[in-house]
Amino acid sequence: MSLGITWAVAWIRQSAQVVSEHRVELITLDREIGDGDHGENMERGFSAVLTKLDDLPSEATPGDALKLVATTLISTVGGAAGPLYGTAYLKAAAAIGSAPELDGAAIVALLTAARDGIVLRGKAEVGDKTMVDAWTPAVDAAAAAQAAGASESEILAAAADAAEAGAVSTEPLVAHKGRASYLGERAIGHRDPGAQSTAYILRAAADTAAEA
Ligand code: ADP
Ligand code: MG
């Protein structure tokens, strides 16, 4: 079953919910290797998104919803994560265009464009201990699932599983981008907050797709 605007809006609402539920955890992770604002930044951004969601016209497409998230996060989140997530949602919206329904190939295109946007903006590679360490395995797992004939919700579940493993994989790493890179070896043993928020947002995508 393809995923339309109802899913896109449910995903965004669920993202706001999980970011809010895990606000303290994301703050704690960022306090260990950054400046302690990631949970606050993300909650501020997604609550601003929630207040604007009701203004989406009834004929809005998933791309319109993602564009709304992009512009809102760019203007409200600040820090590194605001422009990075903002670019991700903007590129994801462009990749799916005005399609009213997303099939598996469109879901893979959405995730790939989001990751490519983050890389374009932040220039991080896998292993640099950033959100890219969650996004890239998620994209690879989604593409593999789609090639194997998985449904849309199975593709997103594969992406979420890989993002969670990717977030855990940042723990032993030294950071090469962002504030954590100032810490050198002291960053070892701590999970990257942006990789963890990515895992929550992709789990929200999978959970809402499974319910759709
Ligand atoms: P700030 O670092 O400005 O305080 P946040 O705390 O909101 O912003 O976000 C930090 C997260 O941003 C990091 O955990 C990391 O995942 C991500 N990040 C930082 N720099 C980069 C980059 N160059 N490329 C990809 N992700 C990055
Ligand atoms: Mg921070």
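This short talk goes through a metal site, one helix, one buried aspartate and several salt bridges in a predicted model.

Let me begin with the metal. The magnesium ion, ligand 2, is coordinated by carboxylate oxygens labelled OD from D30, D35 and D37, at 2.0 to 2.2 Å, and along the chain these donors follow the spacing D-x4-D-x1-D. Two of the three can be placed with respect to the surface: D35 has a relative accessibility of 38% and therefore counts as partly exposed, and D37, with a relative accessible area of 23%, is partly exposed as well.

From there I move along the chain to helix α3, residues 38–53. Its 16 residues, at 1.5 Å each, should span 22 Å, and since the C-alpha atoms at its two ends are 22 Å apart, the expected and the modelled lengths agree. Which residues of α3 are buried? They are H38, G39, N41, M42, G45, F46, A48, V49 and L53. A general point helps in reading that list: an α-helix has 3.6 residues a turn, so residues three or four places apart point the same way. As for what they meet, the buried residues of α3 pack against α1 (5–21), α2 (23–33), α4 (62–76), α5 (81–96) and α9 (193–211).

Helix α3 also brings us to the salt bridges, of which the structure holds seven. In one of them the side chains of E43 and R23 meet, with a distance of 3.0 Å from N to O. Because E43 lies in helix α3 and R23 in helix α2, this pair ties together parts that are 20 residues apart in sequence. Neither partner falls under the 20% that would make it buried: E43, at 23% relative accessibility, counts as partly exposed, and R23 is partly exposed with a relative accessible area of 27%.

A second salt bridge joins R115 and D116, whose closest N and O atoms are 2.9 Å apart. Here the partners fall into two classes, since R115, at 15% relative accessibility, counts as buried, whereas D116 is partly exposed with a relative accessible area of 40%.

A third is formed by E171 and R191, with the closest N and O atoms 2.7 Å apart. Both residues are in the loop between α8 (152–169) and α9, and, being 20 residues apart, they link distant parts of the chain. E171 counts as partly exposed at 24% relative accessibility, and R191 is likewise partly exposed, with a relative accessible area of 23%. Salt bridges that share partners also join D161, E164 and R203 into one network.

I would like to finish with D128, an acidic residue in the loop between α6 (104–122) and α7 (132–147). What is the nearest side chain of opposite charge to D128, and how far away is it? It is K177, at 4.7 Å, and D128 is buried yet has no salt bridge; the cut-off for such a bridge is 4 Å between a side-chain nitrogen of Lys or Arg and a carboxyl oxygen. The side chain of D128 does, however, reach the backbone nitrogen of E125 at 2.8 Å. Leaving aside residues up to four places away in sequence, D128 touches K123, D133, V174, A175, H176 and K177, so that K177 appears among its contacts although the pair is not a salt bridge.

Definitions and conventions: Residues are numbered from 1 along each chain as its sequence is written. Chains are lettered from A and ligands numbered from 1 in the order in which they are written. This is a predicted model: local features need pLDDT of at least 70, side-chain atom pairs count only at pLDDT 80 or more; totals for chains, interfaces and linings use all residues. Side-chain values use heavy atoms; hydrogens and water are left out. Donors are N, O and S atoms within 2.8 Å of the metal (3.2 Å for Na, K and Ca); water is not among the atoms, so sites may look incomplete. Buried means under 20% relative accessible area, exposed over 50%, partly exposed in between (1.4 Å probe, protein chains only). Helices (H or I, at least four residues) and strands (E, at least two) are DSSP runs, numbered from the N terminus. Lys and Arg count as positive and Asp and Glu as negative; His and the chain ends are not counted. A polar contact is a pair of N or O atoms within 3.5 Å; within protein, one must be able to donate a hydrogen and the other to accept it, and residues adjacent in sequence count only if both atoms are side-chain atoms. Contact means heavy atoms within 4.5 Å. The expected span of a helix is 1.5 Å times one less than its number of residues.
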